[in-house]
Amino acid sequence: MTLTDPTSLARPVVSPDEVRTILHDRWALPAPAHELGSQQDRNYLVESGDGRVVLKLAGASTTRDQLVAQHRALARLRAAGIRVPQPLRSPLGEDIVEVALPGRPAMLTRTLSFVEGEPLIDREPYGIAEAACIGDVAGRVVAALAGFDHPGARGWSQWDVREAGSTVFGLADGTPRPQRELVEAAAERSLARLSGVADALPLQVIHADLTDDNLVMDDALGVGVIDFGDLMRTWRIGELVAAGACAYFREDADALFLQTVRSFARHVRLTDAELTALWPLVVLRTAVLVVSGIHQTTIDGDNDYAQERMAAEWTSFEVASRRDPAGMEALIRVAAAGVPAPPATLLPPDLTCAVVDLSVTTEELSEGDWLDPGAAERVLRRHAVAGSVALTRWGEYRLTRTRPLAARGQAATLAVGVDVMSSTDLPLLAPFDGVLSRTPEGVVLTGGTRRLWIDGVVADAVDEERISTGSPLGVLPADALGRVQLSQGDGLRSAPFALPGDAEEATASSPDPSDLLGVDVRAPDVGVEPLLRRRSAVFADAQEHYYAHPPQIERGWREYLIDVHAQTYVDVVNNVTLAGHAHPGIVRAAARQWGLLNTNSRFHYEAVTELSERLAALAPEGLDRVFLVNSGSEAVDLALRLAMTATGRDRIVAAREAYHGWTIGADAVSTSIGDNPRALATRPSWVELLDAPNPVRGTHRGADSGPRYLADVDEQLVALGGAGRDRIAGVILEPIFGNGGGVLLPDGYVAGVYERIRALGGVCISDEVQVGYGRLGHHFWGFQQQGAVPDIIAVAKAMGNGQPLGAVITTTAIAEAFEQEGSFFSSAGGSPVSSRVGIAVLDAIEDDDLQGNARRVGEAFAGALCTLAETHPAIGAVHGMGLYLGLELVDPVTQAPATALAHSLCDALLEEGCIVQPTGDHKNVLKIKPPLCITLEATAFVASALDRALTAAGS
């Protein structure tokens with residue numbers, strides 16, 4: 001945007017009806033009460049059931065990055081105790097919504113909570129107290145935003161004090177004479193006074209428009225700050241310029257202005273250059289207001305807000321431009337010096353500081369690079385550039401400190417010190433009076449019960465030297481890693497990293513050093529239980545969570561899960577994430593496709609074809625038609641419909657103890673009482689249930705029990721009678737009992753059932769949702785273990801590595817029969833993103849040899865579990881194949897399911913650093929279905945943890 005682009009400064013053109021439509025359709029809010037004044041955007045007050053809300057329609061010059069920067073700054077100010085608006089979210093979870101109106105550029109819209117109170121500009125009588133309030137808030141805002149930065153706060157703005165001269169001369173053509181001549185002359189004088197100090201003025205992000213128009217006062221709530229539309233990185237003194245200049249259309253303007261300076265200086269130590277620059281910048285600010293106001297009314301004729309302020313803005317300019325600049329500078333220096341200086345700090349003032357996030361959710365680290373011992377230092381070095389100082393956060397559970405294959409709570413991850421790095425030599429100053437002593441690591445400053453430990457510093461001072469506040473402590477050399485830690489009490493220094501269980505004691509003995517640093521380095525608090533309460537309040541309880549007191553998991557890598565305390569667990573249960581958490585190839589494929597296109601499969605694009613071709617190539621010969629869906633439940637549901645449509649029949653044969661999904665169709669054939677205690681009593685009449693072919697605990701025992709189970713099937717089919725058999729559309733079986741605990745079916749059972757169903761004219765469905773896709777190691781599909789070939793394959797879970805993706809693979813004949821009934825459509829099934837993810841998963845299976853790893857590691861894991869069974873009588877059986885295993889727990893005497901033991905072992909294993917859960921009808925089987933990338937080292941760790949847990953339980 002430039003000054004020669006007048007439309008970029010105009011407010012959005014929007015009708016009342018369009019405003020109502022935006023509110024209703026995009027924000028689910030009622031019609032606005034009325035429009036609020038604004039210079040270059042449009043704001044509307046909305047009375048909603050949850051309180052008053054402001055709809056903001058951004059002008060054409062506003063970018064999404066700028067709005068994101070505003071939202072981040074608002075969060076920072078709220079954390080500092082300043083009353084500011086709260087960005088709200090749309091029904092779709094967005095806090096910024098783009099709206100396209102006919103014939104106009106797309107417009108960014110937001111809703112924010114309404115900050116209650118009377119605008120300070122309307123307070124009568126207006127006097128010293130109000131001026132003090134403006135200065136106080138401006139100083140607090142500058143102090144709170146110190147060290148904050150965002151790309152959206154950088155860019156040209158006519159309100160940037162650095163651009164005041166170019167703005168005046170760029171817009172002055174529209175100002176009538178003789179006003180134009182006066183404004184230009186005053187601007188030239190002010191720019192001349194600025195020329196010698198401009199390069200020395202400190203930079204930071206500021207509100208940039210903290211005037212009496214943007215502060216509101218509520219007798220109960222106190223002062224609030226609104227309108228962050230001018231947020232920018234510029235000269236820091238610009239905040240005081242805007243706050244002070246608004247005094248000059250009032251009586252006693254100088255007294256009001258100087259009170260604003262006094263109040264501001266209580267929070268911000270003004271440099272000599274800032275004290276020199278303040279008055280010429282105030283004059284320039286009033287000149288910008290004059291030419292901008294005239295320009296705005298020219299391009300935006302119905303802007304009553306701009307029209308109403310023109311007289312006051314001219315008065316401000318006239319009064320300010322007549323003052324003697326040297327005299328005003330002298331008064332400013334007296335006002336700023338007449339208040340207590342801000343607290344002395346360890347870091348020199350006016351530094352550009354980057355506070356680095358090394359928490360579990362950091363974006364600074366990826367692909368497991370946090371496991372490298374030098375990871376934290378590398379991140380700091382990236383940020384300590386161009387004279388800036390990088391600091392880590394205090395009270396943060398650092399991802400770089402996590403320890404895989406360790407018991408829960410045994411990794412000391414809580415940082416109670418702050419690491420510091422600078423690209424140039426960094427002088428450090430004493431933040432309080434005390435005695436400076438040398439330590440092997442650096443120096444320590446002792447004052448009363450406080451000790452400030454500073455590692456990495458090079459000090460010239462004499463050991464045990466008494467120094468005063470502000471005295472040099474030494475220098476942290478360029479690119480060296482320093483560490484600052486505050487301690488109080490007995491004088492002993494605690495370890496810089498504490499165990500999560502010691503957090504309260506550690507933070508009390510090594511408190512937050514933000515005030516001494518002069519930078520807010522406190523990490524946000526981690527609240528696991530409050531989040532769990534929030535979940536319980538809104539997330540339906542039927543959607544259960546693992547564990548009574550679960551860890552809050554926010555990151556994964558390969559076979560590991562990491563909680564917010566940076567404790568790492570071996571994930572033994574996640575068959576959804578086949579290729580491993582955060583698999584780089586899958587992440588890149590998803591991110592790239594999201595940046596290109598995501599839509600539904602009715603559009604023509606390459607990915608859906610490529611994925612379908614790859615799936616068909618993996619299926620047995622003749623299964624060459626693919627349907628793409630969102631989930632395993634949907635895949636099973638569609639498979640049942642295909643069978644019924646292809647045969648014209650309505651009856652499905654299924655096995656007891658099986659789980660197939662939650663849709664009406666998939667649930668109808670699910671009989672696992674572990675998931676639904678009333679499953680057997682609530683099956684619809686069109687489902688015919690076979691005895692569970694469990695060779696371990698079933699009616700018939702042993703791997704050779706297949707013929708006996710098949711004989712039972714024959715009897716059952718005969719008992720149905722001809723009419724009953726003629727209604728059979730097909731059979732659905734898990735080729736291995738998934739939710740039953742990974743139990744292998746008797747040899748030949750699945751092939752035998754398929755033969756009988758096909759003889760009756762039915763089709764055969766293999767539910768591969770849990771056990772397919774290479775998990776068995778020796779076979780890609782579960783039915784291959786049984787020597788059977790289905791007519792329909794249902795698969796999901798592993799297909800997307802966590803992305804919602806499923807498929808049904810079938811024959812041309814069955815697919816064409818279904819087509820006669822009409823078209824099929826799954827909105828997100830086979831979307832470009834899901835398809836690319838599905839392709840990337842297949843690539844990972846091949847490139848990373850995941851099926852081979854499942855075979856090798858699975859065999860070793862099963863062997864270790866069988867060895868445990870020799871010494872722990874509570875292990876009744878080890879089920880499964882590859883990396884779909886089950887450890888069945890029983891009462892050693894009665895052989896009854898040991899449900900309570902299974903649950904207690906899962907809790908014990910969690911403390912050991914392993915996430916395992918029970919399954920089966922009696923919840924007595926530990927299900928073992930980790931990501932296929934799991935290592936021998938990780939499975940050995942799990943086996944050892946299980947050994948200890950069983951021993952502790954006396955089992």
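The legends below describe close-up views of a predicted model.

**View 1. Cysteines without disulfides.** A search of the whole structure returns 0 disulfides. The sulfur of Cys-133 has its closest cysteine sulfur in Cys-246, 11 Å away. A disulfide requires the two sulfur atoms to lie within 2.5 Å, so the distance from Cys-133 to Cys-246 is too far for a bond. Cys-866 is likewise in no disulfide, and its nearest cysteine sulfur, that of Cys-914, is 18 Å away.

**View 2. Accessibility of Cys-133 and Cys-866.** Cys-133 has a relative accessible area of 14% and is buried. Cys-866 has a relative accessible area of 39% and is partly exposed.

**View 3. Helix 3, residues 128–145.** The helix has 18 residues, and at 1.5 Å a residue it should span 26 Å. The C-alpha atoms at its ends are 26 Å apart, in agreement with that expectation. Helix 3 is mostly covered, with 13 of its 18 residues buried. Gly-147 follows helix 3 and has a positive phi, near 85°.

**View 4. An open sheet of 3 strands.** The strand order is 13-14-23 and the pairing is antiparallel. Strand 13 (396–397) and strand 23 (497–498) stand at the edges. Each edge strand has a single partner, so one of its sides is left without a neighbour in the sheet.

**View 5. Pairing of strands 14 and 23.** Strand 14 (residues 414–415) runs antiparallel to strand 23, and 2 bridges join them. Within this pair, Ala-415 stands opposite Phe-497 of strand 23. Strands of a sheet pair through backbone hydrogen bonds.

How values were computed:
Residues are numbered from 1 along each chain as its sequence is written. This is a predicted model: local features need pLDDT of at least 70, side-chain atom pairs count only at pLDDT 80 or more; totals for chains, interfaces and linings use all residues. Side-chain values use heavy atoms; hydrogens and water are left out. Buried means under 20% relative accessible area, exposed over 50%, partly exposed in between (1.4 Å probe, protein chains only). Helices (H or I, at least four residues) and strands (E, at least two) are DSSP runs, numbered from the N terminus. The expected span of a helix is 1.5 Å times one less than its number of residues. Two strands pair if DSSP finds at least two bridges between them.
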